[in-house]
Every structure is written in structure tokens, then in C-alpha cells.
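Student: Could we go through this structure and ask what each label rests on?
Tutor: Yes. Look at it first.

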Amino acid sequence: MASPQNFASKLTALVVDDHKIYQKVHQKMLNNFGVKSHVVENGKEAVDIHWHGKKFDLILMDMDMPIMNGIEATKELRAMGVCSTIVGVTSRSTEEEILKFMEAGLDDYQEKPLTIPKLTSILHKIINSNPI
Amino acid sequence: MDQLQRKLRDYEAAMFQQGFLDDQFSQLQKLQDDSSPDFVIEVMTMFFDDSEKLLNNISRALEQIPVNFKQIDAYVHQQKGSSASVGAARVKNICATFRSFCEAQNRDGCVSCLQQLQKEYSQLKKNLQYLFRLQQEFKAAAGSIPTGE
């Protein structure tokens, strides 16, 4: 099965997830699209990497993480002025939980597990809203 | 080799038909390529390691007096997440039921779910290890693993 041919190769992404399998799978999905990706294990590391001057076009943010969860991390990143597309990716599915996560500052929310079609859609939106 | 290929395809199809695997496993297979030829096996190995630790943790937690249902629920939630990430459908579905018993603080229900979980996980692992063996045999004969398409 041929994968899309690096149409997103100018994009960068940050995977924020404490789950090793999701880290590996999401990073591989991004890499297959040509996206340069970085992985951190919790919200605090996501915030710290931005304090160090790193920027990303896309942040895939898990909700439940130790030290700092996705909701807190998203709020902090937005408060810092981070304008990246932040997509919440979580296995939580009650409306209340999703709403709380969205209100923290997400651009989009996807239920885990992320699939290739879902990621394709996310990347297309980013490219279409920021033509290079 | 045709016979081996047919055997491989039929076995894989049966795993989907019988509900052991769902579409997420197909997603993993689609991610495998020349730059990561063992991607699926690597991910499934992580799942096996993760699951075995979690099942042991759950078992120990159920032996505690009093039972810490919140802790068990946390472990089961992790197991559910792991299972969903690799397409282990039957294991994932048992986790959903298990969480209901944790919420109800029903120890007998939890014990029964743990037994089902251990049984389903063992069967899945056995089936996948056989599938991977067939794939390796095919690869040795043909040079690459056939895709599911």
C-alpha cells in the first residue's frame, strides 16, 4: 500500500503523549507524510520545549498525562502565545470531557486511535490555511 | 509459495473475522514500509510487554485488602488504551466491561474480567506469534511480506 508522497514535508509536529505505543505509532504516521516530528512525554515537557524557542506547525496533544495533563498544557501554550494547530487526541469520549479539552484552546479533537485518513485531513487543513 | 501465501492471507483474515483484530491493526500494517520493515512486530512487542505488566499489576491489586478499585480502573484504562492502539479488539472490549465492575466496586466481577482478559490476551498473543512466523516464512521464500490489500 503506497503512502501519500510527502505532501506535508515542510511541516513540523510535536507528539505529546505518555503512552509509548501511541508515541511510536503517531510519530511513524507523521514521518510517513514527510513531517519532521518530535516526541515529549507530558504537558510540562511540551511547554518547556516551547520556552526553549521551538515551534511546531502541529501539536498532537493527549489529555491524560502525568505531571501536566493536556488541558493544562494547552492552556499554558495558548497563554504563551503559541499559535500552532493543537489537536487533542484522547480515548476520553464524554461530551463534558471533550468540551473541557476544547475550551482549553484546541483547534480540533480526534478520538484515539488516530488513523491515517484522520491525520491526512488534519495536515491538509494546516497546509490549506497556511499556503507555502 | 502460493499455498503459503494463501495460508497467510486466510489466517490473517480469520483473525479479523473472529474479532481478535480490528481496523487499527490494518493501520499499523499500512505504516510498515522499507524504512521500518519490522514496524508491526515492534509495536506488538511493546503491546505484549505493556499488557503483561498491566495484567500482573491488576492481579496483585485484586489481592489487596481492601481492594483499591480506583487503582485497578487506572490499570484497566491503560490496558484499554494499549489494546485500542494496536487493534486488539476483543481485549479492548473486555476492558470496557471491566471498568464498569471497577466503578461498581464489584470484586467478583473484576476477578472474572481479569480471567477473561488473561485468556483473551494469551490467545491473541499466540495467534499473532503464529501469524508473524508465517510472515517470516513467506518473507524468506518470497523476499517481502504480502500486504493485506
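Tutor: What follows is a short set of questions about labels and the values behind them. This is a predicted model, in which local features need pLDDT of at least 70, side-chain atom pairs count only at pLDDT 80 or more, and totals for chains, interfaces and linings use all residues. Residues are numbered from 1 along each chain as its sequence is written, chains are lettered from A and ligands numbered from 1 in the order in which they are written, and side-chain values use heavy atoms, with hydrogens and water left out.

Student: Why is A:Asp62 called buried?
Tutor: Buried means under 20% relative accessible area, with a 1.4 Å probe and protein chains only. A:Asp62 has 5%, so A:Asp62 is buried.

Student: What is A:Asp62 in contact with?
Tutor: Contact means heavy atoms within 4.5 Å. Leaving aside neighbours within four places in sequence, the contacts of A:Asp62 include A:Asp17, A:Asp18, A:Thr90 and A:Lys112.

Student: How do you know that the length of helix α5 of chain A agrees with its 14 residues?
Tutor: Helices are DSSP runs (H or I, at least four residues), numbered from the N terminus. The expected span is 1.5 Å times one less than the number of residues. For residues 116-129 that should be 20 Å, and the end C-alpha atoms are 20 Å apart, so the two agree.

Student: Which residues of α5(A) are buried?
Tutor: Among them are A:Ile116, A:Leu119 and A:Ile126. The buried residues cover an arc of only 165° around the axis, which puts them on the same side of α5(A). The arc is that of the directions from the helix axis to the C-beta atoms. On the other side, A:Pro117, A:Lys125 and A:Asn128 are exposed, that is, over 50%.

Definitions and conventions
Helix = DSSP H or I, 4+ residues; strand = E, 2+ residues; numbered from the N terminus.
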